[in-house]
Amino acid sequence: MNALIEWCFKSTSENETMRLGTMLAKLLEPGTVIALNGNLGAGKTRLVQAIASAMGVDRSEVNSPTFVLIQEYQGQLPLYHFDTYRLKDTDEFLELGADDLMYADGVCLIEWADKVIEVLPHDLLQIEIKHTTETARTFHFKGQGTRSTKIVNALKHVDPASPS
């Protein structure tokens, strides 16, 4: 079993958040599951937009799937964007086909993932986003499992705050 690996990044602008999403996108591979948590307005969907854009999806197509519960985008890899905010329980999440998608050839991005955490895979990249000021956010990454720890370790060695 892999140890828990953690890393924090403080973004002071939307541009830094976009760069973080771009860097993260470069590290994603089929089967990656990302749990996104944070209060309303924390920046979960903004980070998903950055990841999707870096993977070849038109950013304007990416919005919060609050009312449809799941959006699928075709980029370099299929992206499955879930919003579990309105779900009553994990059964509803699984009825969406989440089990199949989490083990498919794409990347799953799950907003409000704490609501369904018990059915998510062990190898899970968790990102807790805290809204600190109008434009600043703190991103706390946790990885446990081969794939997610590799991603967190790679992120530790880059600086999303500086333009590439």
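This report describes a strand pair and the salt bridges of a predicted model.

## A pair of strands

Strand β3, which covers residues 70-74, lies beside strand β4, which covers residues 78-83, and the two run antiparallel, with five bridges joining them. The connection between β3 and β4 is a hairpin, and this hairpin passes through three residues. One of the bridges can be followed residue by residue, for Gln74 has Pro78 in β4 as its bridge partner. As background for looking at such a pair, it helps to know that the side chains of a regular strand alternate between the two faces of the sheet.

## Salt bridges around Glu29

The model contains five salt bridges. One of them is formed by Arg147 and Glu29, whose closest N and O atoms are 3.4 Å apart. This pair links distant parts of the chain, since Arg147 belongs to helix α5 (residues 146-156) while Glu29 sits in the loop between α1 (14-27) and β2 (33-37), and the two residues are 118 residues apart.

Glu29 also meets the side chain of Lys150 in a salt bridge, with a distance of 3.5 Å from N to O. Because Lys150 lies in helix α5 and Glu29 in the loop between α1 and β2, this pair ties together parts that are 121 residues apart in sequence.

How exposed are the residues that take part in these contacts? Arg147 has a relative accessible area of 25% and is therefore partly exposed, and Glu29, at 29% relative accessibility, also counts as partly exposed. Lys150 has a relative accessible area of 52%, so this residue is classed as exposed, given that the cut-off for that class is over 50%.

## Glu92 with Lys88, and a network

Another salt bridge joins Glu92 to Lys88, and here the closest N and O atoms are 3.4 Å apart. The two partners fall into separate classes of accessibility: Glu92, with 23% relative accessibility, counts as partly exposed, whereas Lys88, with a relative accessible area of 72%, is exposed.

Elsewhere, salt bridges that share partners bring Glu14, Arg46 and Arg59 together into one network. A reader who wishes to find this network in the structure can therefore look for these three side chains, bearing in mind that a salt bridge here requires a nitrogen of Lys or Arg within 4 Å of a carboxyl oxygen of Asp or Glu.

Terms used:
Residues are numbered from 1 along each chain as its sequence is written. This is a predicted model: local features need pLDDT of at least 70, side-chain atom pairs count only at pLDDT 80 or more; totals for chains, interfaces and linings use all residues. Side-chain values use heavy atoms; hydrogens and water are left out. Two strands pair if DSSP finds at least two bridges between them. Helices (H or I, at least four residues) and strands (E, at least two) are DSSP runs, numbered from the N terminus. Buried means under 20% relative accessible area, exposed over 50%, partly exposed in between (1.4 Å probe, protein chains only).
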